[in-house]
Amino acid sequence: MATLLLVEDSPTEAQIITSCLENAGFSLLKVTTAEAAKAILDQKMIDGIVLDVVLPGQSGFGFCREVKNDPKTKDIPVIMCSSKSEKMDKKWASKQGANDYVTKPIDQNELLNAVRRWVH
């Protein structure tokens, strides 16, 4: 069973994403900040990260860039989920190293397809 790290500060969005991914057979670790996510990455092996863009403290973009620049974590797939839906947001996420980008409100099939595309 693949383990995903969900970084989402909205309890409602976290519940929707958690339900979707756990029902599909993924195991989730959940945090609300990039700083808490870093602590998890220091301790556990993660198969993928589902990451919000707008977070308290460090943004999802900044966290994604750090993950992809760190030799220990650079190969972990990052799927960004955000209400930011402009092409520029998606392009910026790609420049930070995000593997995929799903726009909120979450379409569960789109999210599952994105996660399954990168997490095996």
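**Exercise 1. Find which residues Glu13 touches, leaving out those up to four places away in sequence.**

Solution. Glu13 touches Glu8, Lys104 and Ile106 once residues up to four places away in sequence are left out; contact here means heavy atoms within 4.5 Å. Before going on, a word on the model: it is predicted, so local features need pLDDT of at least 70 and side-chain atom pairs count only at pLDDT 80 or more, while totals for chains, interfaces and linings use all residues. Residues are numbered from 1 along each chain as its sequence is written, and side-chain values use heavy atoms, with hydrogens and water left out.

Next, place Glu13: it lies in helix α1, residues 11–23. (Helices, H or I with at least four residues, and strands, E with at least two, are DSSP runs numbered from the N terminus.) Then take its partner Ile106: the two are 93 residues apart in sequence, yet their C-alpha atoms are 8.3 Å apart in space.

Another of the residues Glu13 touches, Lys104, leads to a cis peptide bond: it joins Lys104 and Pro105, with omega about 0°. In general, most peptide bonds are trans. Pro105 itself sits in the loop between β5 and α5 (108–118).

**Exercise 2. Work out whether Thr18 is buried or exposed, and what its side chain reaches.**

Solution. Start with the place: Thr18 is in helix α1. Thr18 has a relative accessible area of 4%, so it counts as buried. (Buried means under 20% relative accessible area, exposed over 50%, and partly exposed in between, using a 1.4 Å probe and protein chains only.)

Now the side chain: it reaches the backbone oxygen of Ala14 at 2.6 Å. Leaving out residues up to four places away in sequence, Thr18 touches Leu6, Asn23, Leu28 and Lys30.

**Exercise 3. Give the strand order of the open sheet and follow β3 through it.**

Solution. Lay out the strands: the open sheet has 5 of them, in the order β2-β1-β3-β4-β5, with parallel pairing. (Two strands pair if DSSP finds at least two bridges between them.) The edges are β2 (27–31) and β5 (100–103), each pairing on one side only. On average, neighbouring strands here are turned by 20° against each other, direction ignored. (Such angles run from 0 to 180 degrees between N-to-C directions, with axes fitted as lines to C-alpha atoms, for helices over the stretch in contact.)

Now look to either side of β3. With β1 it runs parallel, joined by 4 bridges, and Leu6 stands opposite Val50 in β3. β3 (residues 48–52) also pairs with β4 (residues 78–82) in the parallel sense over 4 bridges. There, Ile49 has Val78 as its bridge partner, and Asp52 has Cys81.

Last, check the cover. 5 of the 5 residues of β3 are buried, so the strand is largely enclosed by the rest of the structure. Gly48, Val50 and Asp52 are buried on one side, Ile49 and Leu51 on the other.

**Exercise 4. Which elements cover the buried residues of α3, and how many of its residues are buried?**

Solution. First, the position: α3 (residues 60–69) lies across β1, β3 and β4, running at about 155° to β3. At its start, a side-chain oxygen of Ser59 reaches to within 3.3 Å of the backbone nitrogen of Phe61.

Then count: 7 of the 10 residues of α3 are buried, among them Phe61, Phe63 and Lys68. The cover includes β1, α2, β3, β4 and α4 (87–96).

Finally, see what lies inside. The largest nonpolar core has 22 residues, and Leu51 and Phe63 are among those with the most contacts within it. (A nonpolar core is a set of buried Ala, Val, Leu, Ile, Met, Phe, Trp, Tyr and Cys residues joined through side-chain atoms within 4.5 Å.) β1, α2, β3, α3 and β4 each supply at least two residues of this core. A second, separate core of 19 residues includes Ala14 and Leu112.

**Exercise 5. How many disulfides are there, and how far is Cys64 from the nearest cysteine sulfur?**

Solution. Apply the rule, a pair of cysteine sulfur atoms within 2.5 Å: the count is 0 disulfides. For Cys64, the nearest cysteine sulfur is that of Cys81, 12 Å away. For Cys81, it is that of Cys20, 9.3 Å away. Cys64 counts as buried because its relative accessibility is 0%.

Definitions and conventions. A polar contact is a pair of N or O atoms within 3.5 Å; within protein, one must be able to donate a hydrogen and the other to accept it, and residues adjacent in sequence count only if both atoms are side-chain atoms.
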